[in-house]
Amino acid sequence: MAVPSDLLWECVRKNNAFVRKSANARTMSAEPGNLLGVHSSKFSGLCNKAMGLSTKKSGKKENIVLTQSAKRASRLMRPRTRLPTIGIRRDPKKAIKQLDRVMGEKYCRPDLLALAKEKYSKIKMSFRKPRK
């Protein structure tokens with residue numbers, strides 16, 4: 001049985017394991033599927049379909065990874081398979097096309113596409129090493 005996302009948000013809005021509150025800043029969220037890390041219903045990976053960009057380190061190499069909600073309803077009930085990851089390419093032109101294809105055509109949250117592209121460019125900039 002599916003639960004409406006608005007009802008689910010009202011239940012987890014004030015207290016959940018991912019909320020990060022501080023005195024002088026916005027309330028943030030540490031959910032794995034939260035694109036911006038902001039604690040709001042629009043970006044929540046618990047209530048809506050999750051979508052997040054992050055880095056994954058394997059050895060000395062760092063990769064950019066896209067995390068999305070599983071497409072099958074049966075996988076949403078299993079914590080290990082709920083958020084499958086997809087590797088994003090390093091080349092900016094190919095990465096933008098890949099994000100367009102994955103999020104624009106196949107994913108049902110095209111409103112987050114521009115934010116995902118912006119976050120990709122920021123992550124890509126963070127990989128640069130300072131000049132000596």
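This report describes one open sheet and a helix that lies across its strands.

## Basis of the model

The model is predicted: local features need pLDDT of at least 70, side-chain atom pairs count only at pLDDT 80 or more, and totals for chains, interfaces and linings use all residues. Residues are numbered from 1 along each chain as its sequence is written, and side-chain values use heavy atoms, with hydrogens and water left out.

## The sheet

Strands (E, at least two residues) and helices (H or I, at least four residues) are DSSP runs numbered from the N terminus. Two strands pair if DSSP finds at least two bridges between them.

The open sheet has 3 strands in the order 3-4-5, with antiparallel pairing. At its edges are strand 3 (51–58) and strand 5 (85–88), each of which pairs on one side only. On average, neighbouring strands are turned by 40° against each other, direction ignored.

## Strand pairs

Strand 3 and strand 4 run antiparallel and are joined by 8 bridges. They form a hairpin with 2 residues between them, and Gly59 in the turn has a positive phi of about 75°.

Strand 4 (residues 61–68) also pairs with strand 5, in the antiparallel sense, over 4 bridges. Thr67 in strand 4 is the bridge partner of Gly52, and Thr67 also stands opposite Thr85 in strand 5.

## The helix across the sheet

Helix 3 (residues 113–126) lies across strand 3, strand 4 and strand 5, and runs at about 20° to strand 3. Angles run from 0 to 180 degrees between N-to-C directions, and axes are lines fitted to C-alpha atoms, for helices over the stretch in contact (heavy atoms within 4.5 Å).
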